[in-house]
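Visitor: I would love a close look at a single part of this model, with the rest brought in as you go. Could you take me through the pocket and its surroundings?

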Amino acid sequence: TDFVAKNAQFLELTNQITTHAQVNNLVDAEALASSTIDGQEFTTFLNEKIAVIGENLVARKVVNVEGPVVNGYVHLGKVGVILAAKCDEAAKEKTVELLKKVAMH
């Protein structure tokens, strides 16, 4: 819900899970579900957060986007796009800007 999406605890949880998935190179929801986070099985960790936040949460999709240049855009906090590209070192700054423009459309 919109109420939960703006909750500081929910936002911190999304950052924790995202960082955990990236650091541990978890490439799908199954790998995430079978992982350990903060010394707990992921499902136990998530269930404890659900009890605190008061909203049922499910981690359905996990995708790592990699590339020499990665950028994205989130529209109104609801719809997001992440893009990756390869380019010459000299073109990286312009490529970052281009990826954001593409993501916005």
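Which classes of residue make up the lining of the largest pocket, and how many of each are there?

Guide: Happily! Please keep in mind that this is a predicted model. By class, the lining of the largest pocket holds 20 nonpolar residues, 10 polar ones and four charged ones. That makes 34 lining residues for this pocket, whose volume is about 1,200 Å³. If you want to find its centre on your screen, look for T14, I17, T18, K61 and V62, which lie nearest to it among the lining residues.

Now for the elements around it. Those that give two or more residues to the lining are helix 1 (2–5), helix 2 (8–23), strand 3 (69–75) and strand 4 (79–85). Helix 2 makes the largest contribution, with seven residues.

Let us stay with helix 2 for a moment and pick out H20, which lies in this helix. H20 counts as buried because its relative accessibility is 8%, and the cut-off for buried is under 20%. Setting aside neighbours within four places in sequence, H20 has contacts with L26, L32, S35, T36 and I37. Following the chain onward, you reach the loop between helix 2 and helix 3 (29–33), which is where N25 sits. N25 is not a glycine, yet its phi is positive, at about 50 degrees. With a relative accessibility of 47%, N25 is classed as partly exposed.

A second residue with this kind of backbone angle is D38, in the loop between strand 1 (36–37) and strand 2 (40–41). D38 also has a positive phi of about 50 degrees without being a glycine. Its relative accessibility is 59%, so D38 counts as exposed.

Next, turn to the two strands that help line the pocket. Strand 3 and strand 4 run antiparallel and are joined by seven bridges. Within this pairing, Y73 stands opposite V81 of strand 4. The hairpin that these strands form has three residues between them, and L76 takes a positive phi near 55 degrees there.

G80 is a good residue to click on in strand 4. At 52% relative accessibility G80 counts as exposed, since the cut-off for exposed is over 50%. Apart from neighbours within four places in sequence, the contacts of G80 are Y73 and V74. There is also a long step along the chain to compare: G80 and A103 are 23 residues apart in sequence, while 8.1 Å separates their C-alpha atoms.

From the strands we can move to helix 5 (residues 92–104), where T95 lies. Leaving out neighbours within four places in sequence, T95 is in contact with V69, A85 and C87. V69 falls in the range of strand 3 and A85 in that of strand 4, which ties this part of the tour back to the elements of the lining. T95 itself is buried, because its relative accessibility is 11%.

One last stop takes us to the aromatic rings. A search of the whole structure finds one aromatic pair. The partners are F42 and F45, with 6.3 Å from centre to centre and 40 degrees between the planes, a tilted arrangement. Both residues belong to helix 4 (residues 42–53), and they are three residues apart, about one turn of the helix. F42 counts as buried because its relative accessibility is 3%. F45 counts as buried as well, again at 3% relative accessibility.

To return to your question, the lining of the largest pocket has 20 nonpolar, 10 polar and four charged residues, and helix 2 supplies the largest share of them.

Conventions: Residues are numbered from 1 along each chain as its sequence is written. This is a predicted model: local features need pLDDT of at least 70, side-chain atom pairs count only at pLDDT 80 or more; totals for chains, interfaces and linings use all residues. Side-chain values use heavy atoms; hydrogens and water are left out. On a 1 Å grid over the protein atoms alone, a cavity is a set of points where a 1.4 Å probe fits but cannot get out, and a pocket is an open set with protein on both sides within 12 Å along at least five of seven lines; lining residues have an atom within 4 Å of a point. Grid points are joined across faces, edges and corners, and a volume is the space filled by probe spheres set on the points. Helices (H or I, at least four residues) and strands (E, at least two) are DSSP runs, numbered from the N terminus. Ala, Val, Leu, Ile, Met, Phe, Trp, Tyr, Cys and Pro count as nonpolar, Asp, Glu, Lys and Arg as charged, and the others, Gly among them, as polar. Rings of Phe, Tyr and Trp (its six-membered ring) pair if their centres lie within 6.5 Å; planes under 30 degrees apart count as stacked, over 60 as edge-to-face and the rest as tilted. Buried means under 20% relative accessible area, exposed over 50%, partly exposed in between (1.4 Å probe, protein chains only). Two strands pair if DSSP finds at least two bridges between them. Contact means heavy atoms within 4.5 Å.
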